[in-house]
Amino acid sequence: MIHPQPIQRRGLRLTFGAALLVFLLMIIALVLIQQDGATAAEDLPSGEAFPYNHQKHVAAGVECVFCHPGALNGAVAGVPSVQKCVGCHQNIQVTSTEGQANVDLLMHYWDASRPLQWEKTYDQPDFVYFVHRPHIAAGVNCENCHGDVGQMTVVRLAYRINMGFCLQCHRRQAPDKVDRLVSCATCHH
Amino acid sequence: MSKRVTRRDFLKMSAVTAATSVVSGCTVNLQRTEYLESYVEPPEEGLPGENLWYASTCRQCAAGCGIIVRVGGGRAHKIEGNPLHPLNRGKLCARGQAALQELYDPDRLRNAVRQTGGRGTQQFEPLYWEDALALLAGKLRHVDPATVAFLGGNLSSHLWLVVKRFMKALGARKPEVYTLGDELEGRQALIRGGEQLFGVPAMPIFDIAHADVVFSFGANFLETWLSPVYYSRAYAQMRRGQLGNRGYVVQFEPRLSSTAASADEWVALRPGTEGLVALALGKIIVEEGLGGDSPFTALYDQVSVAEVAGASGVPAEELERLARIFVGAPGQVAIPGGAVTAHGHGTAASMAVHALNHTVAQLGQPGGVYLPVEADVYGFAPPPVSTYADVCALIEDMAAGRVKLLLIHGANPLFELPVTAGFGEALANVPFVVSFSPTIDETAARADLILPDHPNLEGWGYHVPAVADRLVISGQQPVIQPLYDTRATVDVLLALAQELGGDLSRTLPWPNEVEFLKEVTAVWQETGTSAESFWAGWRRRGGFWSESEQVRAPSISEQFDVPLALTAPGSGDDPVDYPFHLHLYPSISLFDGRGANKSWLQETPDPMTTVSWQTWIEIHPHTAERLGVQDNDIVRVISPAGEVEAIVYVYPGIREDVVAMPVGQGHEDYGRYAQGQGSNPVRLLVPTADEDTGTLPWAAARVQITPTGRRRSLARLESPEGVTFLRGPEH
């Protein structure tokens, strides 16, 4: 058996090395660029979404559907408009300095007529056609899928809402409904 | 490197690197983050993800079809015809569909502006509306009212009402309303003809839906003429065959249009002989007693069929045959298109065509000619149209310095009029020019102050359609909140009226457009309904109309009793120097140029040539051969008034002595999609108004063609493969 000969000539080694290095750097750069989805959006305030605290608002007595009426009536739940936030916050007082700083930031957006940015925590792929209304009509609580949002200071994913998650509930429904609920076309029409 | 790299190691490293890059490609999608944006102010009605439909009126031409617009998330997504609307019953033409692009035009003005750098510099400075209105009010206060002029174009009926009252109360010059589109369709001439013959200054309605035979003299009713959706529906009804009759359509025009292509026969008569042919047909019918007994036969005393055959190029036997077809079925109608009155002797020619209807006793009969009922309530009529002669008088006044303040709305005379008409030069003698255009077109580019009106989809109003077989008042409402800081011209005029006081504020007492509309339209409120429910119903339905047909029969005029003489059209300008008749026609997508800033319309191929985005000249194959030009050659088209360049389209559907060009391209401003495309053949027209009708005699134009040696491929959908007449020397 002939042992493989190492590449002896120094010039060739350097060239190969340089080419490999460049190639590796390119790969790393591409991976980094693609991971940063933030470059697709405009107007992000230093890469952060608005610092909204659900826990404080729920403690104050705000219902889910007050800010997300689309869950009850529309196709998508949506996020509240700046006008909705300002509606209360132009009048009420906030009791902490950090809270006041956030309200000031909100009023800055309102005065500048700029929309707020929110990172989408609960997102389904485009081929899933989810509508809130039948779930609410069936008596499903918001917490069932979204977790105890009333305790969250920053929204986090309580459950991984994939098809298995949906089906484990859909399968447990009344027998006359199950056929429709596990049918592909119901959610993937 | 300290370690020696063997070939095996190198291959291993490459493989691992390649694998890593592939895997990193797989993981990227799972790590993607999406962002949501809140509305700053959400749309008033509708929830996220939900679509609402609003009823309004299309304002892309004077037809006034009803539309419904699908709005989701505060954005207008799609326009369709309003199924309830009696004019179009849910159908809509391409121009109506493309009106979305007027709303989302990237080159729209977003504020009131002053052209601070001087006219034509395109240096605009935005103004607050309070300042803009104060500026204009100041000008109006200090100028002699008799020197204030208004030039309108595509006005809606409600705006016309306000403008008319405003100018009258101010003591200003009579407002003029004129567009190139109206001129090419012969709108003013038709209304004038109706007044002269039937005593009613209204557009006659041609009942194609119930006709068995239609003889159209150049009326391109399937493409653009007057109210194409209405007439197309009527045509479809005719073709559906009542009791087995599919109808028979003969199109008399020098160039094959879509209407001619759909017709059963196309008669390519010489331009300017439409009236003569109509007279000859009538003569044959009367002489041979084909139409039963006609009471007034003196009309045709001086007509010689042989002479007409010679002048028109339609052989006498053909005229005989066509006359027999015309009387072959009981419901016939002859329709005068725009070209009939666009030569000299337009009045007589138009009368000749109407006389044909009279000879077969079809005035006021099914399948014949009707007149609309008059809305017996003041203010509900289509805006009147001025003649070209009226506009020339305005230009003369401007040039002589008798106009100190000019207001322009919906008209683009610097594009629509022949350059040699002198509007541009006359404008220099007008100290202050105000435009209400939402975009910077050629005329707005020479204005001092632009107060952009809302585009149609953002505005309120009503419009009475140009052609309607019943009372129709088509309503208009905003489908979204105005995108930018534009303001309705009616609101501007009402604010000025309040500001200036006196007679003005008495005749225009309303604080804003909506109050004006609510009060004025309340006259149609049925007894027993509340004002709120009427106004809500008005917006929900898209206006107010009669559910049943309402028409009048035209009264027989004594003018039909007098011999009518028409001379054959002269050769006009030297036939040797200018050997070809020029046939201009409005583009089905761009119309008279107003659609050129919408890319959807630019992209829409012409139905006969399939060309888009460019200006072409249609030349008969034999003529092209004689001239030594082929498809895609660039030629100079020269007339006594000017010249343009166009690309040759060899077209068999045209007379050999005629060349045809579509109108609509050749803009120098008007947005990124309109600028620099094609050429404007209106430059070729001699700008003298016809003495008889006051029209711009666009059908009498004559040109010569000179090759330039350059070529440019036309953007066509069709392929010329296999078309024999195009096979020339390889290029």
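## Close-up views of a predicted model

**View 1. Chain A, from end to end.** Among contacts (heavy atoms within 4.5 Å) in chain A between residues at least 6 apart in sequence, 59% link residues at least 24 apart. The chain has 11 helices and 1 strand; helices (H or I, at least four residues) and strands (E, at least two) are DSSP runs, numbered from the N terminus. Walk along the sequence and you'll meet them as α-α-α-α-α-α-β-α-α-α-α-α. Of the 189 residues in chain A, 21% are buried, meaning under 20% relative accessible area with a 1.4 Å probe, protein chains only.

**A quick note on the model.** This is a predicted model, where local features need pLDDT of at least 70 and side-chain atom pairs count only at pLDDT 80 or more, while totals for chains, interfaces and linings use all residues. Residues are numbered from 1 along each chain as its sequence is written, chains are lettered from A and ligands numbered from 1 in the order in which they are written, and side-chain values use heavy atoms, with hydrogens and water left out.

**View 2. Where domain 1 of chain B meets domain 3 of chain B.** The domain bounds, from an automatic or database domain assignment, put domain 1 of chain B at 111-163 + 172-178 + 386-451 and domain 3 at 580-711. Their centres, taken over C-alpha atoms, sit 28 Å apart. Here, 20 residues of domain 1 of chain B touch 24 residues of domain 3 of chain B. Together the two domains bury about 1500 Å², 58% of it on carbon and sulfur atoms; that's the accessible area (1.4 Å probe) two parts lose on being put together, summed over both. On the domain 1 side, Y388(B), F415(B) and E442(B) lose the most area to domain 3 of chain B, together 38% of what that side buries.

**View 3. Zooming in on the domain 1 side.** α14 (388-399) and α15 (413-416) of chain B each supply at least two residues of the side of domain 1 of chain B that touches domain 3 of chain B. α14(B) gives the most, with 3 residues.

**View 4. Q362(B), tucked into a loop.** Look for Q362(B) in the loop between α13 (346-359) and β14 (369-372) of chain B. Q362(B) is buried, with a relative accessible area of 4%. Setting aside neighbours within four places in sequence, Q362(B) is in contact with P330(B), G331(B), Q332(B), N357(B), G367(B), G368(B) and V369(B).

Conventions: Buried means under 20% relative accessible area, exposed over 50%, partly exposed in between (1.4 Å probe, protein chains only).
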